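Colleague: Before we go through this model together, I would like to learn how to read its features one by one. Could you give me the general idea each time, and then the case at hand?

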Amino acid sequence: MNRQTNSRMSNPTKLTPTPGQTVGPFYGYALPYEKDRELLAPGSPGSIRLQGTVYDGAGHPIPDAILEIWQPDSEGNVVHRTGSLVRDGYTFTGFGRSAVGKTGVYTFTTVNPGPTEPGAAAFISVAVFARGLMNRLFTRVYLPENEEALAADPLLSSLDAERRGTLIARRDADGGLTWDIRLQGEGETVFLDFEGAAAGGAAQ
Amino acid sequence: MPEDVNLEIFNADPITEDVSDAAPQAETGAAPKKYAPLDAAAESQAHLSAEMKSIGEAYAKALKDGAPAETQPRLDYAPYRSSVLRHPTKDLHHADPETIELYSPAFGHMDVHALESDLTIQHNGEPVGERILVSGRVLDGDGRPVAGQLVEIWQANSAGRYIHKRDQHPAPLDPNFTGVGRCITGADGSYSFTTIKPGAYPWKNHLNAWRPAHIHFSLFGQEFTQRIVTQMYFPGDQLFPLDPIYQSIVDQDARDRLVATYDHDLTKPEWAIGYRWDIVLTGSKRTWTENEAFGTAGDESE
């Protein structure tokens, strides 16, 4: 309401966002919930597994990371249904949460997301949290199939080939998707900034 | 709710605040790597404080020379030793949010019971400690209330102990306190929790490392790009200058945004001390007047 005369012309934000902080080590009794990683029941028609490992800069799996995914349904519709925290077994809400296990592996049961616009590349939005990670990181995992759509994707086409590859999942023989996250080092996953350079929070 | 805490999930979580990141590797079968785990216990607070001071001074100088204020924590903040191998070394890549990112998962009262916002009634007896109320509003960067969204909190008990098997701090567990709460924000973005003031707790980042008392907060906005997890602190904590997690936000004004204020109007006579803390998410990137995104949804024409 106030502070309309903000000088940052390119950024309409009028209030300064509250800083994030690490999720810490002890989220394990707070954030996970029953069926948190099952966007639909495992084995149900159309369900696939999305899985992968979260690695640190030394190439070691991170045993204390937690991931969230948010995606459209298989038709590309953005879902507006509640019920993510109390799964009823048939309502697809598009949201899931998976803490990694001892070996750094996360797993979701979900559907292949559809493109939200005709011809767009289909992807799942991901937020990554971990002990030792000072702030959450956003990224995306794209389906590998539609080469044409991937080539035309504004984000992917702004990346060189090696970095681009970090955002594209591998299709497994069973129809599932495998996608690893590397927080640092060789093959470092592309993490996203939606705020523009002026908003802070970028790696120093 | 406490009796619903899924102990299977909770016990499966191999979480430790010990910074020897290599410890779990033995179970993974991964090839041994060259880096040596930091022997954090050998490092003194004075050593860490000097490191933090030097980063703070460099930031103050940059600010003076015209650099923009940093409003978020640094991802690369070596005094928090666990961050050394867990921060991206490349700059975050700018992306314009696309359809799915311009919306947020929907949560509602079917997801969260009204009683989940009171952390003092989850067991048969009253938890030990100073009963407090923590209330505030969740706003977006344009000052709009974030209505009907999920807020999750978790915290240590009044003795500074988390109900987590890997928390080895020899302080008592409280059988009447789990330390987990949730609520759905009101139409004005308001939230309110009844809980117990958490104690400071020791961690092993360095010798004699203590976290200032804090409550972890997890928040959703109206767009997934607004998602944050953060920590709320209490005013006047003497541990602020010593804590690498709090100090990872190098800007004092930004740090202050994580500190609640005591609010006597919120304090209830003969009942509880009140703290107020408002949370601001990033600004909206969606055009709210038109839902153009829905027009073509479902058309897999490719």
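Modeller: Let us begin with the core, where the general idea is that a nonpolar core is a set of buried Ala, Val, Leu, Ile, Met, Phe, Trp, Tyr and Cys residues joined through C-beta atoms within 7 Å. The model in front of you is predicted, and its largest nonpolar core has 111 residues, with A:Ala65 and A:Tyr142 having the most contacts inside it. Strand β5 (residues 123-130) of chain A gives the largest share of this core, six residues.

Colleague: Which residues does A:Ala65 touch, leaving aside those up to four places away in sequence?

Modeller: The partners of A:Ala65 are A:Val54, A:Val100, A:Val128, A:Phe129 and A:Ala130.

Colleague: How many bridges join β5(A) to β6(A), and what is found in the turn of their hairpin?

Modeller: Six bridges join the two strands, which run antiparallel, and A:Val126 has A:Thr139 in β6(A) as its bridge partner. Six residues lie between β5(A) and β6(A) in the hairpin, and in the turn A:Gly132 has a positive phi of about 85°.

Colleague: Which way do the residues of β6(A) point, and are they buried or exposed?

Modeller: Here one looks at each face of the strand in turn. A:Leu137, A:Thr139 and A:Val141 point one way from β6(A), while A:Phe138, A:Arg140 and A:Tyr142 point the other way, and all are buried. Strand β6 (residues 137-142) of chain A is accordingly described as mostly covered, with six of its six residues buried.

Colleague: How should I read the contact between the chains, and how many residues does each chain bring to it?

Modeller: The size of an interface is often given as the accessible area lost when the parts come together. In this case we have residue counts, namely 95 residues from chain B and 92 residues from chain A. On the side of chain B that touches chain A, β9(B) supplies the largest share, four residues, and by class that side has 43 nonpolar, 28 polar and 24 charged residues. Strand β10 (residues 192-193) of chain A is joined to β1(B) by two bridges, the strands running parallel, and A:Asp193 stands opposite B:His94 in β1(B).

Colleague: Where in chain A does pLDDT stay under 50?

Modeller: Confidence is best read first as an average and then along the chain. Chain A averages a pLDDT of 91, and 90% of the residues score at least 70. However, pLDDT stays under 50 over residues 1-11 of chain A, for which the model has eight contacts beyond four places in sequence, and also over residues 197-204 of chain A, for which the model has 25 such contacts.

Key: Residues are numbered from 1 along each chain as its sequence is written. Chains are lettered from A and ligands numbered from 1 in the order in which they are written. This is a predicted model: local features need pLDDT of at least 70, side-chain atom pairs count only at pLDDT 80 or more; totals for chains, interfaces and linings use all residues. Two residues are in contact if their C-beta atoms, placed from the backbone, lie within 7 Å. Ala, Val, Leu, Ile, Met, Phe, Trp, Tyr, Cys and Pro count as nonpolar, Asp, Glu, Lys and Arg as charged, and the others, Gly among them, as polar. Two strands pair if DSSP finds at least two bridges between them. A residue is buried if 20 or more other C-beta atoms lie within 10 Å of its own, exposed if 12 or fewer, and partly exposed in between; C-beta atoms are placed from the backbone. pLDDT is the predictor's confidence in each residue, from 0 to 100.
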